[in-house]
Amino acid sequence: ADLREHYSGEIAWDDATSTVTFETDGAIDFDTGDETFFIWDVPNHVDEIVIGAGVTVTGAFHTYADATIRGEDRDTSVVYGTDERDWAGKRDVDEWHYCTFQNHSGTLNVETLAAKNPRAYHIRGWNNTVNATSCDFIDDRGGPHNHSDGFTGGDGSVVEDCHFATGDDAIKAY
C-alpha cells in the first residue's frame, strides 16, 4: 500500500506469490525531504519484484531479506536513475547509500533487466550475496565522477551474462 501511494505509475500485488509487478512507467517518490526519496525499502514479505516489458521505473530498490528483482525483457524492462551527472557529488553525500539495487541482508537476485544512469552505484551487496544474471548496467551520461560503479557483491555472489558500461569500477568483490 505504501508503494502504491508513492509510485506515479501502476503496480499490481499478488498476495499468493508475494510479488509486486510494475505495470506502467513511473517514478518512486516517498517525499522524504532528503536525497532518499527515490528508494523503496522493500518490505521483507515481498519475495519478487517484476518490471514489465516496456516499463521504465525511475527509482531504487533496497532489500533486507531474500528477494528477486526481474524484468520481463532485458532491453525494455528498465530501472532508471537520473540524467544528472555527478548526482551524489553535487549533493556531497556518500554515494554508496544511494545504489539502484542494495542488498542489506539475505540474498538478492537481479535478472533480465537494464539499469541505466544510477544516482550512484548500480548494484551493491557489500558483504552480502548478490546475483546478477542477464542484465545491462549502463551509464551513458559521459564525463567523470558519476559514481556509477557496476557490481559489488560478497561471498558467493555471481555475475553471469551481464554487460557493464559504467563511469567507475565495473566489478568489486568483497
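So, how many disulfides does the structure hold? Zero. Before I go on, please keep in mind that this is a predicted model.

Let's stay with the cysteines for a moment. Why no bond at cysteine 99? Its sulfur is 15 Å from the closest cysteine sulfur, the one in cysteine 135, so that is too far for a bond. Cysteine 99 is also buried, with a relative accessible area of 0%. Then there's cysteine 162. Its closest cysteine sulfur is again in cysteine 135, at 4.8 Å. A disulfide needs the two sulfur atoms within 2.5 Å, so 4.8 Å is too far for a bond. Cysteine 162 counts as partly exposed, at 21% relative accessibility.

Okay, on to the strands. There's an open sheet of six strands, and if you walk across it the order is S3-S6-S9-S12-S15-S18, with parallel pairing. At the edges you'll find strand S3, residues 26-27, and strand S18, residues 163-165, and each of those pairs on one side only. For a look inside the sheet, take strand S12, residues 114-116, and strand S15, residues 136-138: they pair in the parallel sense over three bridges. If you want one pair to find on screen, alanine 115 has phenylalanine 137 in S15 as its bridge partner.

Next, the nonpolar part. In general, nonpolar side chains tend to be buried together in soluble globular proteins. Here the largest nonpolar core has 30 residues, and the ones touching the most other members are Leu3, Phe22, Trp40, Ile49, Phe61 and Phe101. Several strands each supply at least two residues of this core, including strand S2 (19-22), strand S5 (48-51) and strand S8 (67-71). Apart from this core lies another one, of eight residues, with Phe38, Trp87, Val93 and Ala120 among them.

Let me zoom in on isoleucine 49. Leaving out residues up to four places away in sequence, isoleucine 49 touches Val20, Phe22, Trp40, Val42, Phe61, Thr68, Ile69 and Arg70.

Last stop: glutamate 95. Where is it found? You'll see glutamate 95 in the loop between helix H2 (87-91) and strand S10 (101-103). Glutamate 95 is buried, yet it has no salt bridge. The nearest side chain of opposite charge is lysine 172, and that's 7.0 Å away, whereas a salt bridge has to be within 4 Å. So what does glutamate 95 touch? Again setting aside residues up to four places away in sequence, glutamate 95 touches Ala88, Ala120, Tyr121 and His147. And you've met one of those already: Ala120 is in that core of eight residues.

Notes:
Residues are numbered from 1 along each chain as its sequence is written. This is a predicted model: local features need pLDDT of at least 70, side-chain atom pairs count only at pLDDT 80 or more; totals for chains, interfaces and linings use all residues. Side-chain values use heavy atoms; hydrogens and water are left out. Helices (H or I, at least four residues) and strands (E, at least two) are DSSP runs, numbered from the N terminus. Buried means under 20% relative accessible area, exposed over 50%, partly exposed in between (1.4 Å probe, protein chains only). Lys and Arg count as positive and Asp and Glu as negative; His and the chain ends are not counted. Contact means heavy atoms within 4.5 Å. A nonpolar core is a set of buried Ala, Val, Leu, Ile, Met, Phe, Trp, Tyr and Cys residues joined through side-chain atoms within 4.5 Å. Two strands pair if DSSP finds at least two bridges between them.
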